[in-house]
Amino acid sequence: MKNRKLIDQASRLAERFCITKGNKFRLKDFDPAETEGVKSKKHAEKLLEQSGAMASQMQETLYAQDRWALLLIFQGMDAAGKDGAIKHVMSGVNPQGCDVLAFKAPTHEELDHDFLWRCHKVLPERGKIGIFNRSYYEEVLIVRVHPMLLKNERLPDQLVTKHIWGERYEDINAFERYLTHNGTLIRKFFFHISKKEQKKRFLERLEDPKKNWKFSMDDIQERASWKDYMEAYEEMVQSTATQDAPWYVVPADNKWYTRLVVASAIVEALSELHLKFPDVDKKKKKELDEIRRTLLSTKD
């Protein structure tokens, strides 16, 4: 498939899940089991392979050009498929040009800093792709659903008011605007899985010894707060979806479709940068000519 045709197809698929203005966003309008726009699972896997190959080519140019960085943020409930998407979508990308970071419960040092600090210090440098498996958005998700976690951050009492979540949305929007102004392209993905499908995957994990390590009682306890989490995710998208840092609400009940949507959004994002290999100036060309002459002058 020609590159332009693949990019156009990727753009069409990703666009249906892209939120750039959150004021009218309602989670109930998005079906986690949707598979529109793809003929079959087999067709999706073929497109994923093609998209992955293109993303790999674009990443090489991104690295060589050394002007932009790409930050991908993955959020979602447990078993929504974030790890699998990273593995399958980015499988062809040169590891030297891509960093994956998974953010767990904050350490004592991290809690002694502002809530953006631990993510800010590991942002991707120019020429690289950075993937955050969970991120600073946990501060308006799990911390909001379980407000007792806020006490661990030891904020001054007068700063912890009913306005704190709105203030955090403002801080996040300002932070992402700052990154955009400094050459970091941001794409955010909410892996939208149904409660029924999550239960199915949890049961599969229990039956598979190779996946038992992924499971804990905490996962079950979090299911009890499902409604609160969905409300938190909805408000997160409503409050932080922007033109420069959009959210993709990705149907996550079918892994093959989820991975294709993510790959399509990445291809579309990189295509917007109009990447190209750097031009070689006269001084560099002269140096290359000298290298060529040196190599040709030797017998071996």
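This is a short tour of one protein, going from the whole chain to a few pairs of charged side chains.

Begin with the whole model, which is a predicted one, and show it as a cartoon, where you can look for 12 helices and six strands. The C-alpha trace spans about 75 × 50 × 40 Å along its principal axes, and 47% of the 300 residues count as buried. If you then switch on the surface, about 17,100 Å² is exposed, with carbon and sulfur atoms supplying 51% of that area.

Next, colour the charged residues: there are 52 positive and 47 negative charges, and their mean positions lie 5 Å apart. Among them, 20 salt bridges are counted.

For a closer view, select D99 and K128, which form a salt bridge whose closest N and O atoms are 3.4 Å apart. Because D99 belongs to strand β3 (residues 98-102) while K128 sits in the loop between α5 (117-120) and β4 (129-133), this pair ties together parts that are 29 residues apart in sequence. D99 is partly exposed, at 32% relative accessibility, whereas K128 is buried, at 13%.

Move on to R134 and E138, another salt bridge, with 3.7 Å between the closest N and O atoms; here R134 and E138 are both buried.

Finally, select helix α8 (residues 195-207), where E197 and K200 stand three residues apart, separated by about one helical turn. Their side chains meet in a salt bridge of 4.0 Å, N to O, and while E197 is buried at 13% relative accessible area, K200 is partly exposed at 44%. Add R201 and E204 to the selection, and you will have a network of salt bridges that links these two residues with E197 and K200.

Key
Residues are numbered from 1 along each chain as its sequence is written. This is a predicted model: local features need pLDDT of at least 70, side-chain atom pairs count only at pLDDT 80 or more; totals for chains, interfaces and linings use all residues. Side-chain values use heavy atoms; hydrogens and water are left out. Helices (H or I, at least four residues) and strands (E, at least two) are DSSP runs, numbered from the N terminus. Buried means under 20% relative accessible area, exposed over 50%, partly exposed in between (1.4 Å probe, protein chains only). Accessible areas come from the Shrake-Rupley method with a 1.4 Å probe; for residues, only the protein chains shown count as cover. Lys and Arg count as positive and Asp and Glu as negative; His and the chain ends are not counted. The place of a charge is taken as NZ of Lys, CZ of Arg, CG of Asp or CD of Glu.
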